[in-house]
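Student: Could you take me through one part of this model in detail? I would like a close look at how a helix packs against its neighbours, and then a tour of the surroundings.

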Amino acid sequence: SHGSGFYSREDFIDILRYAAERHIEVIPEIDLPGHSRAAIRAMDVRRQRLLTQGLKKEANEYLLHDPDDASQYESVQMWNDNVVNVCQESTFAFVKHVLTDIRSMYAEAGLVLKTIHLGGDEVPEGVWDDSPVCREKYQSVEGDPASFGKEAMADFFQRIYQSFSAENEIVTAAWEEVFLNDVRKSQFVNDSSRNRFLGPAFQCYVWNNVWGWGQEDVAYRLANAGVNVVLCNATHLYFDLAYNKDPQEPGYYWAGFVETKTAFSFAPLNYLEKTSHDIYGHPIAWESINRRVRLTEEGKQHILGIQGQLWGENLKGPERLEYMALPRLIALAERAWATEAQWIIDENPETWPEKFRQAWSDFARQLGSRELPRLDYLQGGFQYRIPDAGAVIEDGVLKANVAFPGLAIRYTTDGSEPDANSQLYTKSISVGNTARAKVFASNGRGGRSCTIQEQVFRVN
């Protein structure tokens, strides 16, 4: 629940039952080996407590770090102690204990755990370079003594699968880093003797398609090689990114900005051909796009679906969650579940943009006139993001529009903040040289107001 930092066992079981009644499968993610500082600290406190009682064996039973590890690293969040040691038997004991407990909660809810996501992302270089236990385990690795890191990651996940997932017929899922870290699969060879993560027992969630980072087509290369892929493209489906460049908009922008239109424009089976600009808004040459690997007919069979992500570390309560999720979530559903639109099927760069414009226009109109009014009243009303008005004053005349036709634009001319009783904008109207405008939902809830002033340029 908001503010506590965790769900209780009873909370989680309630969530499982609630979701199951609505035909939704909950896939838990236990992010390993990175993002694990809380677990590492908790098991260290446990160790210290048991050591004071003289229980050395019990103290080290679930230890997640190597006390003799002198490795130097820093995560993207600037932690230097948030990665578990994948070479210790105690780490595997901890992981198996946690997964067994999760499985028991599914059973208590009357369900079967079918898929477990084990993370694998954002593990920095150098995490185990100076760990004695890891150096001993990988002393036979050829090349640089510290080159065992990638192999250790792949071994870690394979062992979890063999010791828990395979035994319980559970699919093992992880982020692309795990699949790319398998040095024996670096060339994406569709060969089970060299590729240990092929087959229905594994799912690869691919997030990195940022143009210019070198992995724009990695999801398709993996799928073509026989890996089962879930598309999670950051540039279109990361809902913790800001809607647009307005400094008042909450959210990150490292992978660009994600408008509702951005999520709607995602073409799962040929997103490369439907990419026209990078995250800075610069056009991408068709020759550059054409050099990337396309999805083969066989590869299409390995695209399991698409997933939107809303990371919650900066969400301050349910209102902010609903603001960041909606209405982008509706656009995601359209791309995930609707049949492929004509603009997606059309491979002609001269004709598909106009088909997309018409498709978006139709979707935006239905969103504003039908879907958002539903959200105003369902379950007491959702706090979805209301778009800002687009407005200019030319020759004293206010001209305004809204991204989702059906929402109301109201304005004032005396400098006051527009409210649900302010003048309704229906057509161009004389207002003088200044006005304030705000968009309102069907229940009277308003978005952000904007001040519009006529720009007058004189040439002497």
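Tutor: Happily; what follows starts with the whole chain, turns to one helix and its partners, and then visits some loops and a sheet.

Please keep in mind that this is a predicted model. The chain holds 16 helices and 13 strands. Its C-alpha trace spans about 80 × 55 × 55 Å along the principal axes. Of the 460 residues, 47% count as buried. Looking at contacts between residues at least 6 apart in sequence, 69% join residues that are at least 24 apart.

Now to the close look, for which I suggest helix α4, residues 89–108. Two packed helices are described by the angle between their axes and the distance between the axes. With helix α1 (residues 9–21), α4 makes an angle of about 55 degrees, and the two axes are 9 Å apart. Angles that are neither under 35 degrees, nor over 145, nor from 65 to 115 count as oblique, and α1 and α4 are therefore oblique to each other. Their crossing is right-handed. On the α1 side, the residues in this contact are Arg9, Phe12, Ile13, Leu16 and Arg17, and they meet Asp101, Ser104, Met105, Tyr106 and Glu108 of α4. Sorted by class, the contact of α1 with α4 has five nonpolar residues, one polar residue and four charged ones.

Helix α4 also packs with α6, here at an angle of about 50 degrees and with 11 Å between the axes. α4 and α6 are therefore oblique to each other as well. The crossing of α4 and α6 is right-handed. From α4, the residues taking part are Glu89, Thr91, Phe92, Val95, Lys96, Leu99, Thr100 and Arg103, while α6 brings Phe156, Arg159, Ile160, Ser163 and Phe164. The residues of the contact of α4 with α6 divide into six nonpolar, three polar and four charged.

If you follow the chain on from α4, you come to alanine 109, in the loop between α4 and β2 (115–119). Is this residue buried or exposed? Alanine 109 has a relative accessibility of 13%, and the cut-off for buried is under 20%, so alanine 109 counts as buried. Leaving aside residues up to four places away in sequence, alanine 109 touches Ile13, Leu16 and Arg17. Those three names also appear among the α1 residues that meet α4. For a sense of distance, take leucine 64, which is 45 residues from alanine 109 along the chain: the C-alpha atoms of the two are separated by 30 Å.

Next come some backbone details in other loops. Most residues other than glycine have a negative phi, and most peptide bonds are trans. Against that background, look at the bond between leucine 32 and proline 33: it is a cis peptide bond, with omega about -5 degrees. Proline 33 sits in the loop between β1 (29–32) and α2 (37–52). Another cis peptide bond joins leucine 326 and proline 327, with omega about 10 degrees. Proline 327 is found in the loop between α13 (318–325) and α14 (328–337).

Positive phi values deserve a look too. Glutamate 169, which is not a glycine, has a positive phi near 55 degrees. Glutamate 169 lies in the loop between α6 (149–165) and β3 (171–175), so this visit brings us back to the helix that packs with α4. The relative accessible area of glutamate 169 is 73%, and the residue is exposed. Glutamine 379 also has a positive phi, near 50 degrees. Glutamine 379 is placed in the loop between α16 (352–375) and β7. With a relative accessible area of 71%, glutamine 379 is exposed.

Strand β7 takes us to the last stop, an open sheet of three strands in the order β7-β8-β11, with antiparallel pairing. The edge strands are β7 (390–394) and β11 (429–430), each of which pairs on one side only. Strand β8 (residues 397–401) runs antiparallel to β11 and is joined to β11 by two bridges. Across this pair, leucine 398 stands opposite isoleucine 429 of β11.

Methods. Residues numbered from 1 in each chain as written. Predicted model: local features only at pLDDT ≥ 70, side-chain atom pairs only at ≥ 80, totals over all residues. Heavy atoms only, no water. Pairing = 2+ DSSP bridges. Helix = DSSP H or I, 4+ residues; strand = E, 2+ residues; numbered from the N terminus. Axes fitted to C-alpha atoms, helices over the stretch in contact; angles between N-to-C directions. Left-handed = near helix turned anticlockwise from the far one by under 90°. Contact = heavy atoms within 4.5 Å. Nonpolar A, V, L, I, M, F, W, Y, C, P; charged D, E, K, R; others polar. Buried < 20%, exposed > 50% of the residue type's maximum accessible area, 1.4 Å probe, protein only.
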